[in-house]
Amino acid sequence: MANPLQFAYRTQKAIGVTDADPVYEPLPGFVKPEGTLRCCVYSPCGRYLAWASSERVCVVDASVGHILTTISILNVFEVAFSPRGSFFSTWERPTKDENGDAAKNFKIWRTIEDTPEGDEKQPMGRFVQKSQTGWNLQYTSDEQFCARLVTNEVQFYNSNDLTTVWNKLRVEGVTDFSIAPGQNHNVAVFIQERKGQPAAVKVFNVPQFTTPISQKTFFKGDKVQLKWNSLGTSLIVLAQTDVDKSNKSYYGETTLYLLSADGSLDARITLDKDGPIHDVSWSPNGKEFGVIYGYMPAKTTIFNHRAVATYSFPIGPRNTIIFSPTGRFALVAGFGNLTGQIDVYDLEKDYRKICTIESGNPSVCQWSPDSRYIMTATTSPRLRVDNGVKLWHVGGGVMYHEDMVELYSVAWRPVLPENLPSGDPLHPVPTPHSSAIAYLGTVKTPSKAVGAYRPPGARGMSTPLHFRREDEGGAAHVMSNGASNIGPNGFGRSRRQVPGAEFLESGSRAVPGAGPAEVPGANGDENLSRAALKNKKKRNNKKAKDTENTGERRDANGLAPPAQDQGPGSGNEGRSPERRGYQQNQRHNRSRSRPNFQGGNNPGRNRSNTQQNGQAPPPAPQIQTSQPPASDSLLSPGNQNPASKKLRSLQKKIRAIEDLEMRHAGGEKLEDTQMKKIATKSAVVKELEALEKEVAAH
């Protein structure tokens, strides 16, 4: 029987090792250390487990739990292994020696070494390493060489002799480097922008450091992540700036580049959705990679090794993509400030979605080495409550659950590919542990989300398209200089635009069926009380109605009498003659700026041009005209003609039916009455066309 899966964890007071499927029990031979524990890490080969306390560092045989090596060393905060586990490194908090010089706090040790009895184990090499970021040596996959970064150069050592520098890669301004895995001894270095020169990533072959075999220069690169594929033949460069000069993102700008180790490809990866790059990850097969990018809801796309998009998953609130160790599955999840949903896809079955896992709020998510399980864990100090470990089957069911107090780290034990069991990870489905069954009994059925507040008139209705998220059928999120150039919330059309209606220009807020709006205070209304304003509005409405009735009854030769500006019903009662004269001048000035849509014989224009300085207008000449009113007048909001009312009513029905059709196309389920209304569209359109012909004939 093959060894069971295993994971190790570190809590506030102890370090534990648990055998997972199928036993789910603590490793029998491992004695849990207690006290102030700083770190816990497996070797990449899976043979060893190392942990550090404030007083010592121990290396344990991961299969049985027995201690192999113990080193008495104080204040170790980090431990790391070489790829094959032959060496391990320790990093202590920086201190100074008796002379005031920086102490050599970075040390490299042999994992297994025969030492005379009574003698203490001695390190192979010592260095001064102030920064805890990128503190460890980088090894080639065969452990022949290792390297570390110093000022303006990368120093290479023979792994068995760390006292002498074997070779140097001199690059002015280098700030980061990465050694490629695989059989090719390649190294990539990053040079920041300086003195107007662009940033650059260069790839060299060890030890031929005279000329790079591949390179890419670019701007907008304050820092980068260098991601090699498993074969060491291609390199992804994720460049990021500290500040976004276009003010679109608080976290800076991100760009993605792809380089081949042989120099045949160096290009920027084109992404078809605006926004930041949330995550990028290589598949273990080294021939494809996944990228999550764009404003939320983000888009996830799989690219081949030539940066050609091959498949895109549905958009959604996701920011993490992780391929399974066998390369068959991929999980796309939303962690951090997102809801913790995990979508699992089978890449070998036409990217079929297997399940969606509601994982809560984990800070750790890892595939098991056999691609059969997914581990999620909530750790401190991100969250100090609900700490614990959950194991999920790739099919979506929870298999194991354990609550812990202040869990700081947890990790699977690595297993070499040749030692993995064969078989289908999906079948058969393993039997859940009793802890998983007990956990499911305590999980409450999630209540339906309340959502945003809706006014009573909008309750029970679907969300309008311009308020929907992009993955729910709404418009894409568009940003321009930190502000939306479409709507106030960055989604869909502007709120001032009514579906089916013409876009309102700035300042034109006309209501269909109402008269032209007046500017508050333009007629001296600022001196009136609320009651007086209300009475004035009633009088003006009554006067407008009487005027329209009189105009309908007059003959073709008659003209409407001029409006009264003085006396009862004028709205100027109780005002001084000077105030009334001022109001008349204001009306004259406004009327002169209006275009004359009725031609030069417009009676209304003649009246408004004669009301000046409080003088009575001269008698208007009797003008006879047989010219029919313009067709636009029938559609004006203030026109009370029965034909125009019917015309506007039919147009309103057409707009309502088109809105229902748009909602139905977006996947919304409509009621029977709404579907019947859509079926009447052709009849309404015919009636509208007939009415338009009738109006045009008159």
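1. Let's start with one pair of residues: Val203 stands opposite Ser214 in β19. The two strands involved, β18 and β19 (residues 214-218), run antiparallel and are joined by 5 bridges. Please keep in mind as you read that this is a predicted model.

2. Strand β18 has a partner in β17 as well. Strand β17 (residues 186-191) pairs with β18 in the antiparallel sense, over 6 bridges. If you want a place to look, find Phe190, which stands opposite Val201 in β18. How many of the 7 residues of strand β18 are buried? The count is 5, so strand β18 (residues 199-205) is largely enclosed by the rest of the structure. As background, strands of a sheet pair through backbone hydrogen bonds, and the pairing can be parallel or antiparallel.

3. Phe190 turns up again when we look at Thr175, a residue of strand β16. Leaving aside neighbours within four places in sequence, Thr175 is in contact with Leu149, Phe190 and Gln192. Its C-alpha atom is separated by 7.7 Å from that of Val189, a residue 14 places apart from Thr175 along the chain. Is Thr175 buried, exposed or partly exposed? Its relative accessible area is 37%, so Thr175 counts as partly exposed.

4. Now for a hairpin, built from β6 and β7. Strand β6 (residues 56-61) and strand β7 (residues 67-72) run antiparallel, with 5 bridges joining them. Val59 is one residue to find here, as it stands opposite Thr69 in β7. Between the two strands of the hairpin there are 5 residues, and Gly65 takes a positive phi near 90°.

5. A little earlier in the chain is Ser53, which belongs to strand β5 (residues 48-53). Ser53 has a relative accessibility of 9%, and therefore counts as buried. Which residues does Ser53 touch, not counting those up to four places away in sequence? They are Thr36, Leu37, Arg38 and Val76. For Arg38, which is 15 residues apart from Ser53 along the chain, the C-alpha atoms of the two are separated by 5.4 Å.

6. The next point is about a small sheet. Its 4 strands form an open sheet in the order β12-β13-β14-β15, with antiparallel pairing. The edge strands are β12 and β15 (167-170), each of which pairs on one side only. Between strand β14 (residues 153-158) and β15 there are 4 bridges, again in the antiparallel sense. Gln155 has Lys168 in β15 as its bridge partner. When you look at strands like these, remember that in a regular strand the side chains alternate between the two faces of the sheet.

7. Loops deserve a look too, and Asn105 is a good example. It is found in the loop between β9 (87-92) and β10 (106-110). With a relative accessibility of 3%, Asn105 counts as buried, because that falls under the 20% limit. A polar atom of the Asn105 side chain lies 2.9 Å from the backbone oxygen of Glu92. Not counting residues up to four places away in sequence, Asn105 touches several residues, among them Trp91, Glu92, Pro94, Phe127 and Val128.

8. Asn105 also leads us to an enclosed space. The count comes to 1 cavity of 30 Å³ or more, and the largest cavity has a volume of about 30 Å³. Which residues line the largest cavity? Asn105 is one of them, along with Pro94, Thr95, Ala102, Ala103, Val128, Gln129 and Lys130. By class, this lining has 4 nonpolar, 3 polar and 1 charged residues.

9. The second largest pocket holds about 1,700 Å³ of space. Among the 43 residues that line it, the closest to its centre are Pro44, Pro181, Ser230, Pro414 and Pro417. Elements giving two or more residues to the lining include β4 (37-42), β12 (138-139), β16 (174-179), β24 (277-282) and β36 (409-412). The lining of the second largest pocket has 26 nonpolar, 15 polar and 2 charged residues.

10. Finally, step back to the whole chain. It has 8 helices and 36 strands. Of the 698 residues of the protein chain, 39% count as buried. Among contacts between residues at least 6 apart in sequence, 43% join residues at least 24 apart.

Conventions
Residues numbered from 1 in each chain as written. Predicted model: local features only at pLDDT ≥ 70, side-chain atom pairs only at ≥ 80, totals over all residues. Heavy atoms only, no water. Pairing = 2+ DSSP bridges. Buried < 20%, exposed > 50% of the residue type's maximum accessible area, 1.4 Å probe, protein only. 1 Å grid on protein atoms, 1.4 Å probe; cavity = no way out; pocket = protein on both sides within 12 Å on 5 of 7 lines; lining within 4 Å. Points joined across faces, edges and corners; volume = space filled by probe spheres on them. Nonpolar A, V, L, I, M, F, W, Y, C, P; charged D, E, K, R; others polar. Contact = heavy atoms within 4.5 Å. Polar contact = N/O pair within 3.5 Å; in protein donor to acceptor, adjacent residues only side chain to side chain.
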